[in-house]
Amino acid sequence: MTQQVPLYIDGEFVQSKTDKWIDVTNPATQEVIAKAPCATTEEMAAAVASAKKAFLTWKETPVSERARVMMRYQALLKEHHDEIAEILASETGKTFDDAKGDVWRGIEVVEHAANIPSLVMGETVENVARGIDTYSYTQPLGVCAGITPFNFPAMIPLWMFPLAIACGNTFILKPSEQDPLTPTRLVELFEQAGAPKGVLQVIHGAKDQVDFILDEPAIRAISFVGSVPVGQYIYRRGTENMKRVQAFAGAKNHCVIMPDANKSQVISNLVGASVGAAGQRCMAISVAVFVGAAKDWIPEVAEELKKVRPGAWNDKEAAYGPLISPQAKQRVENYIKQGQAEGASLLVDGRDCQVDGFPNGNWVGPTMFSDVTTDMEIYKNEIFGPVLCATSTDTLEEAIELVNANPYGNGTSIFTASGAAGRKYQHEVEVGQVGINIPIPVPLPFFSFTGWKGSFFGDLHAYGKQAVRFYSETKTITARWFESDIADASGPNMTIHLK
């Protein structure tokens, strides 16, 4: 019998009474490996009631005790690291190395949550007026919720609930219905770590369950990661209901290549950053902007991409796995067809990709376009597949103008040997996370994830622009190293503001 994914309500794993189930499939085979329930209204109401009740005592729990739960949790996650990665790989199709990177970056956030006492300190000033002192306290908000995407089923839930709970909140998690087995294992280990009954609830489902979270008055704040249209919907509906909402959305990340850059480093990093994880990450490099004579390198990038081979999760030679679903595959292939129709030059065509032994997998091979212009749909939209668009400019100033005109602002990078060019770029570009000789500038948990413009909707906008900058002189970063060890990640602002 196919496994039925349980809900987690009031400290217990329970089977849903729903009559609506969603198939969870192996993307490499289309085999149904589990069924996820669409939680009923009564089940979701029970989760909220449990979270509200637990908050009354959890918020009074000493912060050092909350930190110890996180310390035990990170130890259990490390102990079961490879086991979680194997579950993750089986339901997402990621290679085992990529899956391990997904899990590890989540563990790093839990480690950060174990430092919560120093992160929730208030402030005090004596004599703000004569004989008057002022104190501020950082206090938990209440019941919070997280809605997470399919592409990082370990890391992104671990961005959310550990920090929110460590701050004294309780939490309701609605993971992606496409890969719910990994979050279920995370919750099992959280329970083993000694998390009190009711501080974490897990419901499963689709739009109706998301709408419940957006509308339920007892849920005070929501974190979301996903596509732009859904992010906009969640932000609008949630804030209309007077909730705090932060929604991390899509991207069109540019890598600017100067002619003085290290060519071998550029090519290696572009390959890993564009097609790693099958391009299914919001920090993927999907546009390469070659400045001046650097455009002569475009054919060499294409030749290296042709060597990259997708495969099953346990194939040690595979660079990446299948796309998450047949629909995702069809969407990417439609964009490739459209790019040709719009006049872009298709240098590498990943359609009709075949992997021995897996004829039904959602395979798309590495794909690269050149002569891409900003009016083309393949440039304007996030393809979310292993597709790299190449364009060129004559000067760095023109490259900066091109990047700044794009409606998204998640991440960008520049490769150059010039400190002046690097500083100019990081100072003038309108993107939250900037890498200098780093292909995907992803912050560690003790920094904030800082998307700008159409890549982020939420509370951080009230505080002005935030930026994370990276610089490296490393000349030996390889695509494989990057894919397995620098998975897409985020930092504490995912939930720290929910206090």
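The following exercises, with worked solutions, concern a predicted model.

**Exercise 1.** Determine whether strand β19 (residues 411–415) is enclosed or not, using the burial of its residues.

*Solution.* Begin with the two sides of the strand: Gly 411, Ser 413 and Phe 415 point one way from β19, while Thr 412 and Ile 414 point the other way. Next apply the cut-off, by which a residue is buried when its relative accessible area is under 20%; all of these residues are buried. Because five of the five residues of β19 are buried, the strand is largely enclosed by the rest of the structure.

**Exercise 2.** Work out which strands pair with β19, and in which sense.

*Solution.* Take strand β13 (residues 253–257), which pairs with β19 in the parallel sense over four bridges; here Ile 257 stands opposite Phe 415. Then turn to strand β20 (residues 433–436), which also runs parallel to β19 and is joined to it by four bridges, with Ile 414 of β19 standing opposite Ile 436. Finally, follow the chain through helix α15 (residues 419–428), which together with β19 and β20 makes a right-handed β-α-β unit.

**Exercise 3.** Describe the largest nonpolar core and the surroundings of Tyr 73.

*Solution.* The largest nonpolar core has 118 residues, and those with the most contacts inside it are Tyr 73, Phe 190, Val 256 and Phe 290. Its largest share, ten residues, comes from helix α6 (residues 155–166), and both domain 1 (1–248 + 450–477) and domain 2 (251–406 + 410–434) contribute at least three residues each. Leaving aside residues up to four places away in sequence, Tyr 73 touches residues including Leu 158, Phe 161 and Phe 190.

Methods: Residues are numbered from 1 along each chain as its sequence is written. This is a predicted model: local features need pLDDT of at least 70, side-chain atom pairs count only at pLDDT 80 or more; totals for chains, interfaces and linings use all residues. Side-chain values use heavy atoms; hydrogens and water are left out. Buried means under 20% relative accessible area, exposed over 50%, partly exposed in between (1.4 Å probe, protein chains only). Two strands pair if DSSP finds at least two bridges between them. A crossover is right-handed if, with the strands pointing away from the viewer, the path from the first strand over the helix to the second runs clockwise. A nonpolar core is a set of buried Ala, Val, Leu, Ile, Met, Phe, Trp, Tyr and Cys residues joined through side-chain atoms within 4.5 Å. Domain bounds come from an automatic or database domain assignment. Contact means heavy atoms within 4.5 Å.
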